[in-house]
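Let's take a friendly walk through one protein model, with the sequence and coordinates open beside the text. Please keep your viewer handy as you read.

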Amino acid sequence: MIFKRILRVTGYLFLAFIVILAIGRLVQKTLDSIYVGERAPYLQMPAPDAMSLRWQSAEDYKGQVQLGMRPESLNPDKTENHPGEQHEIRLRNLKPLTRYYYSAGDEDKPVYTGNDYWFVTPPKTGEDVPVRFWVTGDQGQKGMIQQDVRDAMLQWLDENPRIGRAYLDFWLTTGDNAYRSGSNQQFQEAFFEPYKNILRNVPVWPAYGNHDARRWAFFNIFSLPTQAESGGVPSGTEHYYSFDYANIHFIFLDSQDSDRDKGSNMAKWLTTDLKANSLPWTVAVFHHPPYTKGSYDSDDPHDSGGRHFEMRENIVPILEHYDVDLVITGHSHVYERSHFMTCHYGDSSTLKEAMLLDKDRQFEKPPGKHSNQGTVYAVVGSSSKANRGPLDHPVMDVAKSETGSMVIDVNGNELVARFINHDGAETDKFTMKKVPGMKVRDNRSLCQ
């Protein structure tokens with residue numbers, strides 16, 4: 001009898017211990033998702049006729065944005081209805097492909113203002129204009145490597161300018177934007193501070209990584225389109241979405257927390273979105289690479305909770321069926337870039353030589369939407385640190401334990417992607433061209 005009572009009391013104590021741990025974890029995640037202090041302006045959800053501007057203040061006030069074509073001639077555009085520390089204003093009725101100068105701050109006094117505060121709206125959807133964007137991955141480890149990669153990219157842009165255009169149109173990340181836990185304070189120190197001079201001019205589209213998922217800050221910090229505010233098909237969630245820029249369609253998927261099954265809501269939305277897309281270029285971004293032999297192994301069905309495996313088996317076939325041109329991921333802290341390929345949905349042992357459509361670095365495919373005409377996969381996960389690994393995945397043409405980032409130019413029927421390392425050297429480059437009149441490949445037998 002006494003023994004049973006001891007067991008019962010022990011069970012109650014253990015249960016209480018678990019409850020206390022859960023409450024403590026909940027409190028920690030809540031507190032870590034809060035940041036108190038100043039946060040400089042950053043641009044979100046660009047559209048040809050709209051832009052969202054966010055910033056944070058140390059004290060409550062009604063935020064106001066002033067806007068104009070010249071920095072010395074700004075007019076009040078919008079003022080918030082209620083005072084607060086978190087500020088977000090959606091600027092509307094803008095002209096496409098137009099530079100605007102802005103100030104942001106208290107309705108009684110601008111805090112951020114001057115010649116350096118400007119943005120350029122996207123062109124009309126479908127318009128054929130040159131586009132340049134930056135790609136970083138796992139850049140959330142603050143320090144010298146992160147700064148060197150950033151500065152090397154800026155130096156390369158200075159040496160390769162676009163006459164009459166902004167130095168970048170937008171910035172994509174492949175996730176893990178703030179190490180180690182994705183707390184709001186870590187975002188401030190490892191994202192908003194080191195990149196603030198870029199963020200005030202260049203809209204950022206961040207992917208959701210496993211370190212971002214350790215706290216709740218990510219979805220509080222970023223404004224992501226759920227109702228196709230920047231183009232594409234409404235997803236109803238910030239976990240996955242699409243947007244358009246000029247003649248490029250972009251898809252951001254959640255390989256971390258969303259269901260990755262073939263019949264999942266994400267897969268169904270992806271199919272609907274790609275069916276509706278008629279733009280000539282399509283780029284997909286998510287965190288966990290379907291092919292990697294870097295700091296992670298995509299052949300291991302248990303690695304990263306099976307996320308590599310599931311994205312390759314269930315999601316990649318959809319991307320390739322609708323002829324996505326480029327898939328960019330991170331997570332593996334290396335740089336890897338595949339051959340021009342299709343239909344490889346198993347582990348490395350199932351690769352057939354015929355699945356590698358072209359081993360050159362100048363890839364060609366027919367314009368229009370045709371199934372399985374070739375896709376390039378790039379792992380960009382070394383923008384703040386590089387790890388060792390076998391680096392021998394057979395689909396990869398280039399595999400480096402080297403820190404850096406990617407700059408991509410799209411101009412008409414040509415896409416050129418370059419990996420710029422931390423020293424500013426161009427250590428990988430490939431070109432993809434849409435060639436009018438090119439015969440459509442019949443690769444159905446490869447995919448069976």
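What follows covers a helix pair, the nonpolar cores, some backbone features and a few individual residues. Please bear in mind that this is a predicted model.

**A pair of helices**

How do H6 and H7 lie relative to each other? Helix H6 spans residues 265-276 and helix H7 spans residues 307-321; the two pack at an angle of about 5 degrees, with their axes 10 Å apart. Angles under 35 degrees count as roughly parallel, and H6 and H7 are therefore roughly parallel to each other.

On the H6 side, the residues that meet H7 are Met266, Ala267, Leu270, Thr271 and Leu274. Their counterparts in H7 are Ile315, Ile318 and Leu319. Sorted by type, the residues of this contact are seven nonpolar, one polar and no charged.

Leu274 is a good residue to select if you want to look at this contact from H6. Leu274 is buried, with a relative accessible area of 5%. Leaving aside neighbours within four places in sequence, Leu274 is in contact with Ile318 and Leu319, and also with Ile251, Thr282, Tyr322 and Val324. Between the C-alpha atoms of Leu274 and Pro225, which are 49 residues apart along the chain, the separation is 16 Å.

Helix H7 also holds Asn314, which counts as buried at 11% relative accessibility. Which backbone atom does the side chain of Asn314 reach? It is the backbone oxygen of Arg260, at 3.1 Å. Not counting residues up to four places away in sequence, Asn314 touches Arg260, Asp261 and Lys262.

**Nonpolar cores**

The largest nonpolar core has 61 residues, and Phe133, Leu172 and Ile408 are those with the most contacts inside it. Around Leu172, residues up to four places away in sequence not counted, you will find Phe133, Trp134, Val135, Thr136, Trp205, Phe243, Phe250, Phe252 and Val285. There is also a second, separate core of 29 residues, which includes Leu253, Ala284, Tyr291 and Leu319. Leu319 is also one of the H7 residues that meet H6.

**Backbone features**

Most residues other than glycine have a negative phi, and most peptide bonds are trans. With that as background, here are some places to check on the backbone.

The loop between strand S10 (170-173) and helix H3 (184-192) contains Arg180. A cis peptide bond joins Tyr179 and Arg180, with omega about 5 degrees. Asp176 is found in the loop between S10 and H3 too. Asp176 is not a glycine, yet its phi is positive, about 50 degrees. Is Asp176 buried or exposed? At 1% relative accessibility, Asp176 counts as buried.

Another positive phi, about 60 degrees, belongs to Asp323, again not a glycine. Asp323 lies in the loop between H7 and strand S15 (326-329), and Asp323 is buried, with a relative accessible area of 1%.

**Two more residues to visit**

Phe218 sits in helix H5 (residues 217-221). With a relative accessible area of 1%, Phe218 is buried. Its contacts, leaving aside neighbours within four places in sequence, are Asn177, Phe187, Pro206, Ala207, Tyr208, Asp212 and Leu224.

Thr427 has its place in strand S24 (residues 426-434). Thr427 is partly exposed, with a relative accessible area of 23%. Residues up to four places away in sequence not counted, Thr427 touches Lys400, Glu402, Phe419 and Asn421. With Glu402 there is a polar contact, side chain to side chain, at 2.9 Å.

The table lists C-alpha separations that you can check in your viewer.

| Residue pair | Apart in sequence | C-alpha to C-alpha |
|---|---|---|
| Phe218 and Lys275 | 57 residues | 29 Å |
| Thr427 and Gly374 | 53 residues | 23 Å |
| Leu274 and Pro225 | 49 residues | 16 Å |

**Putting it together**

For a quick return visit, start from H6 and H7, which are roughly parallel to each other. Then go on to Leu172 in the largest nonpolar core, and to the cis peptide bond between Tyr179 and Arg180. You could finish at the polar contact between the side chains of Thr427 and Glu402.

Methods:
Residues numbered from 1 in each chain as written. Predicted model: local features only at pLDDT ≥ 70, side-chain atom pairs only at ≥ 80, totals over all residues. Heavy atoms only, no water. Axes fitted to C-alpha atoms, helices over the stretch in contact; angles between N-to-C directions. Helix = DSSP H or I, 4+ residues; strand = E, 2+ residues; numbered from the N terminus. Parallel < 35°, antiparallel > 145°, perpendicular 65-115°, else oblique. Contact = heavy atoms within 4.5 Å. Nonpolar A, V, L, I, M, F, W, Y, C, P; charged D, E, K, R; others polar. Core = buried A, V, L, I, M, F, W, Y, C linked by side-chain atoms within 4.5 Å. Buried < 20%, exposed > 50% of the residue type's maximum accessible area, 1.4 Å probe, protein only. Polar contact = N/O pair within 3.5 Å; in protein donor to acceptor, adjacent residues only side chain to side chain.
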